[in-house]
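Trainee: I have a new model on my screen and would like to learn how to read it. Could we go through it feature by feature?
Mentor: Gladly; let us put it up and begin.

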Amino acid sequence: MSQGPRSGLAAVSSALLAMSRHLEVRDVLKTIVASARELLDAQYAALGVPDDHGGFAQFVVDGVSDEQWKAIGPLPRQHGILAAMLHEATPERLADVRKDPRFEGWPSAHPDMSDFLGLPIRDGDEVIGALFLANKLRRVGGHPPCPKPEGSCGFTQEDEELLSILAQHAAIALTNARLYERSRELTIAEERSRLAHELHDAVSQKLFSLRLTAQAAAALVDRDPVRAKGELQQVAALAAEAADELRAAVVELRPAALDEDGLTATLRTQIQVLDRAHTARVTFAARNFRALPASQEEAMLRVAQEALHNALRHSGAEHVDVTLDRRGGGAVLRVTDDGSGFEPKAIRRAGRHLGLVSMRDRTSGVGGTLTVQSAPGKGTTIEMEVPGG
């Protein structure tokens, strides 16, 4: 093995254990690139997971600051050396990536890179990612980098073998993380389906009884008012039971974290997960917020989830910002994205965008107001204000 700052079996074992420790895909990707960069003593490391449209569904870097990454711009496309690793599934070890005939240049803010080592990440016959390192530092014993021989690659054959081991374990860790997230989605879907069936069965039976009892009361009003009164009392009792069952179902659907942690902590946790799971940057800030009645907090959480879903799944946004502020005795939730936007009036006229309808219903149901600002190409801001209790 190369005698880098963390060479040896203990360092390799530490890196592999770190990969297996995480279950979220984004966390796994970050751990892989950080482990590879440290273990092989490189200035830069990156891992790209391809999509089906010539780009990358996820692209994680290590060694590049947030400011540099923002200045570089959109995610790279599958081209040049990256495309070769993905499509030909072959390792690449180059003395100077800039002199390779497949090199197609970088954005102006991209850091300068020379020696290069990259490998595909494979799950059986499928290439599920590309892992690469650039600019071997070649430090020995903590000393500054020593010069490499002219025309040679700083990365060695031993480095390539070590990265190959990491890539094999990265495939396992990434596949396990994907399976975990998929199983979690299925569990949530199954639970929702179960609750929907229970709610449908219970409420349908009550409504059917209500209908029959109301019909009986209507038939008795003229010829037997006393019995009609009794039937109407039964209607009231059945309606009360239906309301109780609906409330019980709502309580079961209410997120446990909201009851335990409150709106601010619940939103912060969910947004941290979304930020890791999506290529868009998702941020959250709460200022002077104080607890609201449970119904209002749940409504605000649901509106935030719907707005985030729209921004992350449909708008193509690169940044989504969520804020929660105190306003008088109540609060204001604001979800802003820099995505494709839309024309709100046209959406309403066409009767589409059920998510907006749902958000308006939830907001009005707790005495609040919902404002939607958007225009094609100008992003979207959704603001929900509630009066408090």
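Trainee: Which residue just after α4 takes a positive phi?
Mentor: First, the general idea: most residues other than glycine have a negative phi, and most peptide bonds are trans. Here, in this predicted model, Ala 89 comes just after α4 and has a positive phi of about 55°. Ala 89 sits in the loop between α4 and β3, and it is not a glycine.

Trainee: Where is Asp 41 found, and what is its phi?
Mentor: Asp 41 is in the loop that runs between α2 (25–39) and β1. Its phi is positive, about 55°, although Asp 41 is not a glycine.

Trainee: Is Asp 41 buried or exposed?
Mentor: Buried means under 20% relative accessible area. Asp 41 has a relative accessibility of 2%, so it counts as buried.

Trainee: And what about Leu 39, in helix α2: where does that helix residue stand on burial?
Mentor: With a relative accessible area of 6%, Leu 39 is buried. You can also look at what lies across from it: Ser 14 is 25 residues away in sequence, and the two C-alpha atoms are 9.8 Å apart in space.

Trainee: Back to α4, please. How many of its residues are buried?
Mentor: Seven of the nine, so α4 is largely enclosed by the rest of the structure. The buried ones are Gly 80, Ile 81, Leu 82, Ala 83, Ala 84, Met 85 and Leu 86.

Trainee: Which elements do those buried residues pack against?
Mentor: They pack against five strands by name: β1, β2, β3 (92–94), β4 (116–123) and β5 (126–136).

Trainee: How should I go about finding empty space in a model?
Mentor: Rolling a probe the size of a water molecule over the atoms shows where empty space is left. In this structure, the second largest pocket holds about 450 Å³ of space. It is lined by 27 residues, and those closest to its centre are Pro 76, Leu 82, Trp 106, His 110 and Phe 132. The elements giving two or more residues to that lining are β1 (42–50), β2 (56–62), α3 (66–72) and α4 (80–88).

Trainee: What kinds of residue make up the lining of the second largest pocket?
Mentor: The lining divides into 20 nonpolar residues, four polar and three charged. Leu 82 appears twice in our tour: among the residues closest to the pocket centre and among the buried residues of α4.

Trainee: Let me pick a residue in β2. Which residues does Gln 58 touch?
Mentor: Gln 58 belongs to strand β2 and is buried, with a relative accessible area of 10%. Not counting residues up to four places away in sequence, Gln 58 touches Val 25, Arg 26, Leu 29, Leu 47, Gly 48, Val 49, Arg 276, Ala 277 and Thr 279.

Trainee: Now the helices. How do I think about which way their residues point?
Mentor: An α-helix has 3.6 residues a turn, so residues three or four places apart point the same way. Try it on helix α5 (residues 157–220), which holds Thr 175. Leaving aside neighbours within four places in sequence, Thr 175 is in contact with Asp 123 and Ile 128. The C-alpha atoms of Thr 175 and Val 28 are separated by 10.0 Å, with their positions 147 residues apart along the chain.

Trainee: And how much of Gly 230 is accessible?
Mentor: Gly 230 lies in helix α6 (residues 225–253). Its relative accessible area is 34%, so it is partly exposed. Its C-alpha is 9.8 Å from that of Thr 213, 17 residues away along the chain.

Trainee: What does the whole protein look like in numbers?
Mentor: The protein has ten helices and ten strands. Of its 389 residues, 41% are buried. Its exposed surface is about 20,900 Å², with carbon and sulfur atoms supplying 52%. Among contacts between residues at least 6 apart in sequence, 62% join residues at least 24 apart.

Trainee: Finally, how far should I trust the coordinates?
Mentor: Where pLDDT is low, the predicted coordinates should not be read in detail. For this protein the mean pLDDT is 79, and 78% of residues reach 70 or more. Residues 1–7 have pLDDT below 50, and that stretch has 16 contacts in the model beyond near neighbours in sequence. Residues 140–146 are also below 50, with seven such contacts.

Methods: Residues are numbered from 1 along each chain as its sequence is written. This is a predicted model: local features need pLDDT of at least 70, side-chain atom pairs count only at pLDDT 80 or more; totals for chains, interfaces and linings use all residues. Side-chain values use heavy atoms; hydrogens and water are left out. On a 1 Å grid over the protein atoms alone, a cavity is a set of points where a 1.4 Å probe fits but cannot get out, and a pocket is an open set with protein on both sides within 12 Å along at least five of seven lines; lining residues have an atom within 4 Å of a point. Grid points are joined across faces, edges and corners, and a volume is the space filled by probe spheres set on the points. Helices (H or I, at least four residues) and strands (E, at least two) are DSSP runs, numbered from the N terminus. Ala, Val, Leu, Ile, Met, Phe, Trp, Tyr, Cys and Pro count as nonpolar, Asp, Glu, Lys and Arg as charged, and the others, Gly among them, as polar. pLDDT is the predictor's confidence in each residue, from 0 to 100. Contact means heavy atoms within 4.5 Å. Buried means under 20% relative accessible area, exposed over 50%, partly exposed in between (1.4 Å probe, protein chains only). Accessible areas come from the Shrake-Rupley method with a 1.4 Å probe; for residues, only the protein chains shown count as cover.
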